[in-house]
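Trainee: Could you take me through one part of this model closely, in a single connected account? I would like to know how the pieces sit and what they touch.

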Amino acid sequence: MEQIVAEDAMALSSNPKNPTHQPSISRHGGLRTMPFIIVNEVFERIASIGVLPNMILYLMREYNMEAANGANLLFIWSALTNGLAIFGAFLSDAYLGRFRVIALGSFSSLIGIILLWSTTTIPGMKPPPCEQFQDDCNPATPSQLAVLFSSFGLISIGAGCIRPCSMAFGADQLDKETPDSERIFERFFNWYYASTAMSVVIALTIMVHIQDHLGWNFGFGILAILMFFSAFMFLFGSSLYVKVKPCSSLFTGFVQVPLVAFKNRHLNPPPAYSNEYYHHSDDKKLAPTNKLRACMIRDPATELSSDGTAPNLWSICSVEQVESLKTLLRVIPIWSTGIMILVTVGQNSFSTLQATTMDRYLTPNFEIPAASFTVGTVVVLMIWIPIYDVVLVPFLARYSGQPRGISSKLRMGIGLVISCVAMAVGAITEGIRRRIAIEQGLDEQPAATLNMSALWLMPQYILFGFAESFNAIGQIEFYYSQFSKNMSSISVSLFTVGLAAADLVGSVLVNIVNSATSKRGKESWLSSNLNKGHLDYYYWLITLLGFINFMYFLVCCWFYGSSEDAKAGISDEGEDDIEYRALPSS
């Protein structure tokens, strides 16, 4: 769910209200286009998220993978998906435009899911059937893994293209100049978030239930059909859309600044600060905080056009570009503290394996799918966030003087603490589950169901929901409060990069723990047989790392200082025109 918060906010980060993105008044756009866009987004989420919860079971049962190897693969897949969301946003802003990128993503996801479905139907696409937990099972061949990995890659490309662009593309369709534009935008956003949240719930419950009870063939086939309708509905409304042309991307500016600074490294700065020696963008006037060679004007006649803009962006940058990069670098330490909580929340593969060994019957005739317990985190987010905003924020604001009740850094810190508690609860629960399994003589029967309700897993999922609601949203609020408006895309992109980094860290952690604990013939902590392994030790290790990360967070906050003092002083109001001068000769 934390990925949804980031990607949906990233969709708005292209700033659809920016004048450069204003659609022309025509017969195109309007609320009539919303069903096509929302259906495309909803069906894509159901299809791509619907394959994730049970995938660890599919890899272990159908591809004969060990639990640690399967979890490692899923971490890498998730990192790829999150990383490509950054690429999709950049591609749409700078080159192809949102319509083409969403269309490309829809086609890619459709091919990927069809390819994944083919592994369940075409003979020879996966290893021959084998009794799980047997030592003589044949591993997947390189060609079989190539097909599987290709399907994962195509699904990642599709998600990376659709999710960061869908909401902004919907906002492009709405007229910003009408008197009731704010109400229309609010209506669109409400419907978008509601449908997105519902799609996640459907993916984690109905789709998982179908895969468990009707088989992989039918379950993945349903997802392929949904993805086909997603692509079809989006293209069907093509003639109605407002298609905004791509423009420059802020990501490009971050590459330009160090290159131009290196090129101008031998320039001598002016003896004292004066606006006329530094290049500014046409909408903001910000005083440089230090000697910024990347934005120094050597000769206005050759480097600037008549309207004060720079025709060659690779020869001179604006003060705003340089200061934006400096602001970004300054928040990196606090950003890095959010990686560990995402590692903590991302242990869903092992939680699913735990649930498969426990009693999941809610009634004598209804068994909860093992992969559906993560829906507890989503439900907490859906319920708690409105309560926090409507009830707690006004109450806390009266006593704290903070418009949002508490500061964003305090909110992040609370989330870190709750995540540590959640992981400790998970470790205790797993310790009890393992002890009961051994007492019942099931240490050599990993597929057996022990006499312990799987509902004991819910407390940790509920706590994860609270942890995300504080930390994830607190992070995004913090970035928005520290960055200027033209950096809104970077604000959310940071969180998405954090998701990708957390998946990579999770993969490295699994590899290290599995390798270190399985030496000299010992049973790995992350053994496929949870009754013989020590998943509880692994959870305690993550709890310890989370506590160390919280101490690191406190240090970063102390060094960062007051958020208000640290915020870049970029004014939204322009100043008087500047008469640029050449640098004085040394």
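Mentor: What follows is a look at the cysteines, and then at a helix and a buried polar residue.

Happy to walk you through it. This is a predicted model, where local features need pLDDT of at least 70, side-chain atom pairs count only at pLDDT 80 or more, and totals for chains, interfaces and linings use all residues. Residues are numbered from 1 along each chain as its sequence is written, and side-chain values use heavy atoms, with hydrogens and water left out.

Let's begin with the cysteines. Taking a disulfide as a pair of cysteine sulfur atoms within 2.5 Å, the count is one. Cys130 and Cys137 form it, with an S to S distance of 1.8 Å. The link of Cys130 and Cys137 is left-handed, at -70 degrees about the S-S bond. For burial, the cut-offs are under 20% relative accessible area for buried, over 50% for exposed, and partly exposed in between (1.4 Å probe, protein chains only). Cys130, at 24%, is therefore partly exposed, whereas Cys137, at 17%, counts as buried. Cys161 is in no disulfide, as the nearest cysteine sulfur, that of Cys165, lies 7.0 Å away. Cys161 is buried, with a relative accessible area of 4%. Cys556 is likewise in no disulfide, and the nearest cysteine sulfur, that of Cys557, is 7.0 Å away. Cys556 is buried too, at 8%.

Now for helix α6, residues 142-172. Helices here are DSSP runs (H or I, at least four residues; strands are E, at least two), numbered from the N terminus. The expected span is 1.5 Å times one less than the number of residues, so the 31 residues of α6 should span 45 Å, and the end C-alpha atoms are indeed 45 Å apart. Even so, α6 has a kink of about 45 degrees centred on Ser166; the bend is the angle between axes fitted to the seven residues ending there and the seven starting there. Because 22 of its 31 residues are buried, α6 is largely enclosed by the rest of the structure.

Finally, look at Asn40 in helix α2 (residues 34-50). Asn40 is buried, at 1% relative accessibility. Its side chain makes a polar contact with the side chain of Ser106 at 3.0 Å; such a contact is a pair of N or O atoms within 3.5 Å, and within protein one must be able to donate a hydrogen and the other to accept it, with residues adjacent in sequence counting only if both atoms are side-chain atoms. Contact in general means heavy atoms within 4.5 Å. Beyond its neighbours within four places in sequence, Asn40 is in contact with residues including Ile162, Ala231 and Phe234.
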